[in-house]
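Open the model in a viewer and keep the sequence panel beside it. The stops below are given in the order in which to select them.

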Amino acid sequence: MNRRNLLKFGAMAMAQTATPRLLLRAQSGSDSGAAGQPPAAPADYTIRIAPVTVELDRSHILSTIGYSGSAPGPLLRMKEGKPVTVEIVNDTDTPELVHWHGMLIPSEVDGTAEEGSPFVPPHGRSRIQLTPTPAGTRWYHSHAMAMADLHKGAYTGQFGFVYVEGSNDPGQYDQELFLALRDWDPFFTATMDDEDDDTHHGPLLEKPAQLDTHPDGLEVGSVTYSINDKALGAGDPIRVREGQRLLIHFLNASPIENRRIAFSGHKIKVIAMDGNPVPTAQELDSIFLGAGERIDAIVEMNNPGIWVLGATEMPIRQSGLGVVVEYAGRNGQPQWIDPPKAPWDYTIFGSTASAAPPPQQTVELIFGKIPGGAGKFNLWLVNGKPYPHEREFVFEKGVRYRLVMRNQTDDAHPMHLHRHRWEIVEINGKKTAGIIKDTVVVPYYGRATVDFTADQPGLSLFHCHIQQHMDYGFKALFRYA
Ligand SMILES: [Cu+2]
């Protein structure tokens, strides 16, 4: 299994100039002129789900489904605690769901079928009201199942940033950038590899004594990448001046893979993860984002030149996952410098003690895989069963729980719990506290432990954020007693 072999076929030579454009403020106001009765009062935001083209570069223009005419969709800026109405218009033939990743909102508006949120019908519309919380970098994306259809759900361009303005203080900055990492044109492959090696320190605590030696099924791969809607070498560069501070919101919007990113010639100071300020900010040579995760970072413009910000894996960067950063008055070829290799370690962002009370109960979640074999798909298990489970996961309101996620598979899985936030307690035996997230990458054959307070009654989906894993069993529904 080696992605590099795969990429021999797909690596494109890219002219070395350029970038993603900044996402614009969301359109707001009323929507008219689609099917159905126009609503009485204008909505604060309108999201139109419809076909779009994405010009990754001049030679590669793809067709997909996007939001309000683009992919990624418009940046939606909301105010923490201020209710908003969102009109969702579906101009496609497919029932759709818009999920608000990282928000603490009721199941009915969370955009998740398993929780009972209604679909937006084909060529129909629906209007929801939600109160954005908590403050920070959130995102919205399709939560439709795709199964074997690589033109559905999160494989399409239905994703975008939501920034909830509130009490989080990122400090002074001169430019704010929203950069979504993305894979396109997915296909099935029997030779898939990823950057899961990055997730490990120390012993493989959860490696089963007896490994299933049946051959793996097909996985989803890509050889086409971008940051926002542009491949490295297309679009405008990020233009900076010496002495500036950039506030960069990174999102891994890939439906397929975890990813490592570096900003050549510069340190990335991580100040928040999944939108929540970290107890200990860290300056790093590279960062790692599981599918669905966000990182907010400050980067000081203290090294004049022309640089590449992008994937640390060369074939992936050269196939589009990057952007050029250009200092005023400088020109020449964009420079890339490989960062030192270091495993990703959440615990360095933590504190020594939690502000929350200790958990009252512990729930174990064991992840397994049944290899699919040639031409078929793998099946993913939580506690020995694929979705749906019976009523195994029942929580009591007000109780603080510990979830011990034991990954007995050879992939790192970005696990996400809807409508709640959790605090990382331990990664592969290494303790930490105070890191509040909604998604955590559980290392291959490794373990992640998180605590959360059951404070959001209603159904909540727990799942792997890799679309294929979720579609083939890797999810569980949490409910309240
Ligand atoms: Cu997974």
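Two strands are said to pair if DSSP finds at least two bridges between them. Strands (E, at least two residues) and helices (H or I, at least four) are DSSP runs, numbered from the N terminus. The model is predicted: local features need pLDDT of at least 70 and side-chain atom pairs count only at pLDDT 80 or more, while totals for chains, interfaces and linings use all residues. Residues are numbered from 1 along each chain as its sequence is written, and side-chain values use heavy atoms, with hydrogens and water left out.

**Stop 1: strand S9 and its sheet**

Select residues 175-184, which are strand S9. Ten of its ten residues are buried, so S9 is largely enclosed by the rest of the structure; buried means under 20% relative accessible area, exposed over 50% and partly exposed in between, with a 1.4 Å probe and protein chains only. In a regular strand the side chains alternate between the two faces of the sheet. Here Gln175, Leu177, Leu179, Leu181 and Asp183 point one way, Glu176, Phe178, Ala180, Arg182 and Trp184 point the other way, and all are buried.

Add strand S12 (residues 224-227), which pairs with S9 in the antiparallel sense over four bridges. Asp183 stands opposite Tyr225 of S12. Then add strand S14 (residues 245-252), which pairs with S9 in the parallel sense over seven bridges. Leu177 has Ile248 of S14 as its bridge partner.

Now show the whole open sheet, six strands in the order S12-S9-S14-S19-S16-S17 with mixed pairing. S12 and strand S17 (276-284) stand at the edges with a single partner strand each, so one side of each has no neighbour in the sheet. From one strand to the next the twist averages 20 degrees; for such angles, axes are lines fitted to C-alpha atoms (for helices over the stretch in contact), and the angles run from 0 to 180 degrees between N-to-C directions. Within this sheet, strand S16 (residues 268-273) pairs with strand S19 (residues 294-300) in the antiparallel sense, over four bridges. Lys269 stands opposite Ile298 in S19.

Before leaving S9, show the side chains of Arg182 and Trp184. Arg182 lies over the face of Trp184, 4.6 Å from the ring centre. A charge sits over a ring if NZ of Lys or CZ of Arg is within 6 Å of the ring centre and within 35 degrees of the ring normal. A second case is Lys475, whose charged end sits over the ring of Tyr387 at 4.7 Å from its centre.

**Stop 2: strands S1, S2 and S4**

Select strand S1 (residues 45-57) together with strand S4 (residues 84-90); the two run parallel and are joined by five bridges. Ile49 stands opposite Asn90 in S4. S1 also pairs with S2, in the antiparallel sense and over eight bridges. Glu55 has Ile61 of S2 as its bridge partner, and a hairpin of two residues joins S1 to S2.

**Stop 3: aromatic pairs**

How many aromatic pairs does the structure hold? There are 21. Rings of Phe, Tyr and Trp (its six-membered ring) pair if their centres lie within 6.5 Å; planes under 30 degrees apart count as stacked, over 60 as edge-to-face and the rest as tilted.

Select Tyr67 and Tyr140: the ring centres are 5.0 Å apart and the planes at 10 degrees, so the pair is stacked. Tyr67 belongs to strand S2 (residues 60-67) and Tyr140 to strand S7 (residues 136-142), 73 residues apart. Tyr67 is buried at 0% relative accessibility, and Tyr140 is buried at 1%.

Next select Phe462 and Phe478, with ring centres 5.3 Å apart and planes at 15 degrees, so this pair is also stacked. Phe462 is in strand S31 (residues 460-464) and Phe478 in strand S32 (residues 475-480), so the pair ties together parts 16 residues apart in sequence. Phe462 is buried, with a relative accessible area of 0%, as is Phe478 at 4%. Both belong to a cluster linked by ring pairs, which also includes Phe367, Trp380 and Tyr401.

**Stop 4: the copper ion**

Which protein residues are donors of the copper ion? They are His413 (ND1), Cys464 (SG) and His469 (ND1), lying 2.0 to 2.1 Å from the ion. Donors are N, O and S atoms within 2.8 Å of the metal (3.2 Å for Na, K and Ca); water is not among the atoms, so sites may look incomplete. Along the chain the donors follow the spacing H-x50-C-x4-H. His413 lies in strand S26 (residues 413-417) and His469 in helix H3 (residues 467-471), 56 residues apart. His413 is buried at 0% relative accessibility, and His469 is buried at 2%.
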